[in-house]
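Student: Could we go through this model together and see how its descriptive labels are earned?
Tutor: Happily! Let's start with the structure itself.

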Amino acid sequence: MTKPELQFAIHGDVPDDFCQEVKQLLEDCYHRLPVSGLEVVQVRLLDTVHRLRQLLATEHAELGIAGPLGTEFLALHDAWRGVPRITICQERLAEVPHLVGLGAIRQQVAHSILHGSPEYYTFKLSRDLAEKAQERELPPMALQQLLYYVAIAVKDYEVVRLLVNYGYLDCQVALAFHQMEASDEDRLAWQLARFNPVARLICLASQLKPLLSLRPLVTKPSIAPGLIQQARAMLSFLPPEEQDKLWALTQQITAAMGDDTHQNVATAMQLTLKVL
């Protein structure tokens, strides 16, 4: 199976041994996963989070990207310039255990395979979905925010599903445990949003990303109880009925997922508006 050409760009003082480790990791991953039609992947390696933030802010402004910078993520994938691109910051990865970092990088490889063109970063709403949003009195900005949360959750689910199917289990479990921690921002957001129907919906939808990523993992009986317990702990700032809604929603979304990302996002949006 032909592997894609990896085109590296180094930003800052990135050690050679780190570059070689990442290069080997990416090559091994592309060798194991199905990469039909993927010819080139650009890889940006940076030394510090400060440099990463500057780079992303400049590019977002240049390309008119309105979404978050993404510096909170351990590694990044995008295709804004028409080619799949992976961005990895050494300082950011140094903050987490090695297996967690492996899981994050492998997820970006899977994104480049499944979501490696600009069409996977813009999603259009059907007339039916727009009407449902109007019924919920969602203003345009809130609807776009909801779509963003649902889309990134669906794409992460697809990525973890692919990785687990090809034997990358341990690193995905490690990454899942790392990601399932409620932040002070989550708790504050809920306190501010719980009495506002629109804000409440957006707040709940923001939890879909880690929860949907769990679904391919909890099919494994040996690890499911611990993951589910950790998910419940992550959601402990929510009332039990809201926790149950979210968990049931992820089950419904998973059952409806196919291989078409755009259809998966549309289906997940419909279910989210229905359940939450």
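Tutor: First, a definition: the angle between two axes runs from 0 to 180 degrees between N-to-C directions. In this predicted model, helix 4 (residues 98-114) and helix 7 (residues 170-179) pack at an angle of about 105°, their axes lying 7 Å apart.

Student: Why are helix 4 and helix 7 called roughly perpendicular to each other?
Tutor: Angles of 65 to 115 degrees count as roughly perpendicular. The angle here is about 105°, so helix 4 and helix 7 are roughly perpendicular to each other.

Student: What makes the contact between them?
Tutor: Helix 4 contributes residues including Leu 99, Leu 102 and Gln 107, while helix 7 contributes, among them, Gln 172, Leu 175 and His 178. The contact residues divide into seven nonpolar, four polar and two charged.

Student: How many cavities of 30 Å³ or more does the structure hold?
Tutor: Two. The largest has about 60 Å³ of space, and the second largest about 40 Å³.

Student: Which element gives the largest share of the lining of the largest cavity?
Tutor: Helix 7, with four residues. Gln 107, Gln 172 and Leu 175 are among the lining residues. The lining divides into seven nonpolar, four polar and no charged.

Student: And what makes one residue in the lining of the second largest cavity charged?
Tutor: Asp, Glu, Lys and Arg count as charged, and Arg 92 is one of the residues lining that cavity. The rest of the division is seven nonpolar and one polar. Strand 4 (85-89) supplies the largest share of this lining, three residues.

Technical notes. Residues are numbered from 1 along each chain as its sequence is written. This is a predicted model: local features need pLDDT of at least 70, side-chain atom pairs count only at pLDDT 80 or more; totals for chains, interfaces and linings use all residues. Side-chain values use heavy atoms; hydrogens and water are left out. Helices (H or I, at least four residues) and strands (E, at least two) are DSSP runs, numbered from the N terminus. Angles under 35 degrees count as roughly parallel, over 145 as roughly antiparallel, 65 to 115 as roughly perpendicular and the rest as oblique. Contact means heavy atoms within 4.5 Å. On a 1 Å grid over the protein atoms alone, a cavity is a set of points where a 1.4 Å probe fits but cannot get out, and a pocket is an open set with protein on both sides within 12 Å along at least five of seven lines; lining residues have an atom within 4 Å of a point. Grid points are joined across faces, edges and corners, and a volume is the space filled by probe spheres set on the points.
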